[in-house]
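Colleague: Please take a close look at a single part of this model and describe it slowly, as I am new to reading structures. Begin with where that part sits in the chain, and finish with a few places outside it.

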Amino acid sequence: MTPLRPTPIRLALVGLGKIARDQHLPSIAADPRFELVAVVSRNAEMDGMAQFTDLADLLASDVVAVDAVALCTPPQPRHALAHQALAAGKHVMLEKPPGATLSEVEDLRRAAAERGLTLQATWHSRYAVGVEPARQWLAERAVKAVRINWKEDVRVWHPGQDWIWRAGGLGVFDPAINALSIATAILPRPFFLAKGVLHVPENCQSPIQAELDFHDAAGAPIRAELDFLQTGPQSWDIEVDTDDGQLKLTHGGAKLYIDGQLIQEGPDREYPGLYDAFARLIADGASEVDVSPLRHVADAFLLSERVAAPAFIE
Ligand code: NAP
């Protein structure tokens with residue numbers, strides 16, 4: 001007799017913007033452990049799918065039942081949405097960053113634990129193919145210096161995303177938090193911000209460029225240069241000098257070089273990796289909430305100098 005396949009996790013997706021369409025929808029469709037049963041969107045439509053304009057209406061619905069929600073909105077409304085979903089007994093996947101503040105995320109962690117639900121704070125870049133081998137290679141070496149260069153053209157990658165420039169939108173830290181999610185995963189010692197400069201356009205609330213100087217617990221310098229105005233070649237690179245050679249992650253962690261030699265590259269498996277982890281967490285009754293990348297961003301906002309930059313006109 002063929003064994004029965006387990007019932008898929010009935011999932012609703014909230015916020016049908018760029019990342020939901022580019023990554024979440026294909027990853028859900030490819031994973032038999034999930035069934036997309038509804039979308040919550042104030043504007044967009046999806047053919048043949050149960051649709052709600054408000055998460056509260058979906059949660060109150062006696063027509064569509066869901067087990068879990070994936071929140072693909074910007075960070076500002078994330079806490080209220082996640083809280084609603086957890087209160088209604090649903091497992092929750094949070095896009096990065098997991099909230100607009102650290103306190104919000106702590107509140108969600110507590111709410112999920114109290115109810116025995118899964119809360120997953122996702123860091124998709126940690127699933128890039130070079131990241132885990134980089135962590136393993138660095139675990140056996142002494143780090144001497146780190147350079148993070150995260151430089152992309154906001155007009156190409158985030159067209160029309162006004163929320164990025166508002167309070168809580170993070171500006172250049174919206175992509176650069178991915179670098180911090182990799183650095184916190186691969187570097188063997190914790191690191192701390194010493195000083196920083198944030199360049200904030202006069203018509204925006206969040207920075208368009210930043211330079212940050214961290215050091216690790218043994219004093220090794222970590223320099224991060226973040227730029228949202230990079231035209232021409234884009235860079236999502238981390239270089240680590242050690243006592244035994246140089247490691248370089250490029251393309252956001254998709255390629256790993258040791259002493260200039262390509263060691264690892266592969267197809268993009270970041271979002272399938274996130275959904276695999278979500279399914280496993282739900283099966284195990286566990287949560288995964290690491291706020292360390294968001295804490296570094298909060299530290300940057302606490303400690304850095306602010307410099308006025310020209311107005312940003314898209
Ligand atoms: P986006 O294209 O602007 O889409 C966000 C969607 O969220 C909107 O289309 C909107 O969808 C919904 N929404 C709900 N409340 C909103 C509010 N108060 N303001 C604006 N939109 C609201 O943004 P995105 O690029 O998909 O990014 C969403 C999240 O994913 C961000 O936290 C971002 O850091 C993360 N992320 C983005 C990327 C990327 O490459 N773009 C990659 C990884 C992670 P409805 O009209 O359907 O309600």
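Modeller: What follows is a walk through domain 1, with a short look at other places at the end.

The model is predicted, so every value below is computed from predicted atoms. The domain assignment divides the chain into domain 1, residues 9–124 + 270–289, and domain 2, residues 128–266 + 298–309. Each domain is therefore written as two stretches of sequence. Taken over C-alpha atoms, the centres of domain 1 and domain 2 are separated by 27 Å. Where the domains touch, ten residues of domain 1 are in contact with 15 residues of domain 2.

Start with helix H1. Ile-28 is found in this helix. Because its relative accessibility is 3%, and buried means under 20%, Ile-28 counts as buried. Its contacts, leaving aside neighbours within four places in sequence, are Leu-11, Leu-13, Phe-34, Leu-36 and Tyr-275. For one of these, Leu-11, there is also a distance: Ile-28 and Leu-11 are 17 residues apart in sequence, and their C-alpha atoms are 8.8 Å apart in space.

Next comes Asp-31, placed in the loop between helix H1 (18–29) and strand S2 (34–40). Asp-31 is buried as well, with a relative accessible area of 7%. A polar contact of 2.9 Å joins its side chain to the side chain of Arg-33. When residues up to four places away in sequence are not counted, Asp-31 touches Tyr-275 and Asp-276. Tyr-275 has now appeared twice, as a contact of Ile-28 and as a contact of Asp-31. Tyr-275 belongs to the second stretch of domain 1, residues 270–289.

Now turn to a pair of helices. The axes of helix H3 (residues 78–87) and helix H4 (residues 102–115) come within 10 Å and cross at roughly 5°. Since angles under 35 degrees count as roughly parallel, H3 and H4 are roughly parallel to each other. On the H3 side the contact is made by His-79, Ala-82, His-83, Leu-86 and Ala-87; these meet Glu-104, Asp-107, Leu-108, Ala-111, Ala-112 and Arg-115 in H4. The residues of this contact divide into six nonpolar, two polar and three charged.

The loop between strand S5 (91–94) and H4 holds Pro-97. The peptide bond from Lys-96 to Pro-97 is cis, with omega near -15°. This deserves a note because most peptide bonds are trans.

After H4, in the loop leading to strand S6 (119–121), is Thr-118. Thr-118 is buried, with a relative accessible area of 1%. The side chain of Thr-118 reaches the backbone oxygen of Ala-286 at 2.8 Å. A polar atom of that side chain also lies 3.4 Å from the backbone oxygen of Leu-281. Both distances fall within the 3.5 Å limit for a polar contact. Not counting residues up to four places away in sequence, Thr-118 touches His-91, Val-92, Phe-278, Leu-281, Ile-282, Gly-285, Ala-286 and Ser-287.

That leaves a few places outside domain 1. Leu-170 lies in the loop between helix H6 (154–157) and helix H7 (173–186). Its phi is near 75°, a positive value in a residue other than glycine. Most residues other than glycine have a negative phi. At 9% relative accessibility, Leu-170 counts as buried. Asp-259 also has a positive phi, of about 45°, although it is not a glycine. Asp-259 is in the loop between strand S13 (255–258) and strand S14 (261–265), and it is exposed, with a relative accessible area of 54%.

Strand S14 itself contains Ile-263. At 46% relative accessibility, Ile-263 counts as partly exposed. Leaving aside neighbours within four places in sequence, Ile-263 is in contact with Leu-256, Tyr-257 and Ile-258. Ile-263 and Arg-135 are 128 residues apart in sequence and 13 Å apart in space, C-alpha to C-alpha.

How values were computed. Residues are numbered from 1 along each chain as its sequence is written. This is a predicted model: local features need pLDDT of at least 70, side-chain atom pairs count only at pLDDT 80 or more; totals for chains, interfaces and linings use all residues. Side-chain values use heavy atoms; hydrogens and water are left out. Helices (H or I, at least four residues) and strands (E, at least two) are DSSP runs, numbered from the N terminus. Buried means under 20% relative accessible area, exposed over 50%, partly exposed in between (1.4 Å probe, protein chains only). A polar contact is a pair of N or O atoms within 3.5 Å; within protein, one must be able to donate a hydrogen and the other to accept it, and residues adjacent in sequence count only if both atoms are side-chain atoms. Contact means heavy atoms within 4.5 Å. Axes are lines fitted to C-alpha atoms, for helices over the stretch in contact, and angles run from 0 to 180 degrees between N-to-C directions. Angles under 35 degrees count as roughly parallel, over 145 as roughly antiparallel, 65 to 115 as roughly perpendicular and the rest as oblique. Ala, Val, Leu, Ile, Met, Phe, Trp, Tyr, Cys and Pro count as nonpolar, Asp, Glu, Lys and Arg as charged, and the others, Gly among them, as polar.
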